[in-house]
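Me: Please take me closely through one topic, the pockets, in a single connected account. Give the cut-offs of each term as you go.

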Amino acid sequence: IFLLDGQAKLRATFNLEGIVALDMEDIAWHTVGDKNYLLLGDIGDNLKKRKSIKLYCFEEPTLQAGQSVYTIPAAAIRTITLGYPDQPRDAEAFFIDPVDKQLYLISKRDFHAQVFTAPIFDGKASSAYVLENIGSLPFTFVTAADISATGDAVLMKNLTQIYYWQRPPNRSL
């Protein structure tokens, strides 16, 4: 992964030891206690043939003066394996809701984009989850999604539009 500054200049490169990228699509963040984590999503599947997809979770790296290339050791990376409940799908977008601590993954090529969730931060030692389909959206080809740090706003983009939702306090997604 690459860290860019505000002028889009490369500041650092982070190699993930032992990780073989198949179709990396998105990156998200999550906070546990006082530590920030990044999640790299190997969730793409253009041909809809993958039996499972993966997220790689690791503590957000800290820059060291004078260093621009880093290796995140395999032992510091949590691999989370996800499976769909019915059939393989292509996806390019996911985020972690800071309010309910759930993963939300949005399919790309379904006629109506499907929204899936999994409790990957439930405190259990599990590394494999079956995604739960919790609904659909009235559009397709979602290529990006994110949620604000407070969870009060969600943005989603498909090929032609950007969608914005405000989330009232104490409401689920």
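Reply: In the lining of the second largest pocket, strand β1 (residues 2–4) is the biggest contributor, giving three residues. A strand here is a DSSP run of E, at least two residues, numbered from the N terminus. The model is predicted, with local features needing pLDDT of at least 70 and side-chain atom pairs 80 or more, while totals for chains, interfaces and linings use all residues. Residues are numbered from 1 along each chain, and side-chain values use heavy atoms, without hydrogens or water.

The stretch from the start of the chain, Ile-1, Phe-2, Leu-3 and Leu-4, belongs to the lining of this second largest pocket. Phe-14, Ile-27 and Leu-38 line it too, as do Glu-60, Pro-61, Thr-62 and Leu-63. (A pocket is an open set of points on a 1 Å grid over the protein atoms alone, for a 1.4 Å probe, with protein on both sides within 12 Å along at least five of seven lines; lining residues have an atom within 4 Å of a point.) The lining consists of nine nonpolar residues, one polar and one charged. The space in the second largest pocket comes to about 180 Å³.

The largest pocket has a volume of about 370 Å³. Its lining holds 17 residues, and those nearest the centre are Leu-137, Val-154, Trp-165, Ser-172 and Leu-173. Strand β12 (132–136) provides the largest share of that lining, three residues. At least two lining residues come from each of β9 (103–107), β12, β14 and β15. Sorted by class, the lining of the largest pocket contains eleven nonpolar, four polar and two charged residues.

Two of the names above lead on to the packing of nonpolar side chains. The largest nonpolar core has 19 residues, and Leu-103 and Leu-105 are among those that touch the most other members, as are Leu-55, Leu-82, Phe-94, Ile-120 and Leu-131. (Such a core is a set of buried nonpolar residues joined through side-chain atoms within 4.5 Å; buried means under 20% relative accessible area.) Strand β9 supplies at least two residues of this core, and so do β5 (53–59), β7 (78–83), β8 (91–96) and β10 (114–118). Leaving out residues up to four places away in sequence, Leu-103 touches Leu-55, Leu-82, Phe-94, Phe-95, Ile-96, Phe-116, Thr-117, Ala-118, Ile-120 and Leu-131. Val-154 belongs to a second, separate core of 14 residues, which also includes Ala-93, Val-115 and Met-156. Val-154 is also one of the residues nearest the centre of the largest pocket.

Methods:
Grid points are joined across faces, edges and corners, and a volume is the space filled by probe spheres set on the points. Helices (H or I, at least four residues) and strands (E, at least two) are DSSP runs, numbered from the N terminus. Ala, Val, Leu, Ile, Met, Phe, Trp, Tyr, Cys and Pro count as nonpolar, Asp, Glu, Lys and Arg as charged, and the others, Gly among them, as polar. Buried means under 20% relative accessible area, exposed over 50%, partly exposed in between (1.4 Å probe, protein chains only). Contact means heavy atoms within 4.5 Å.
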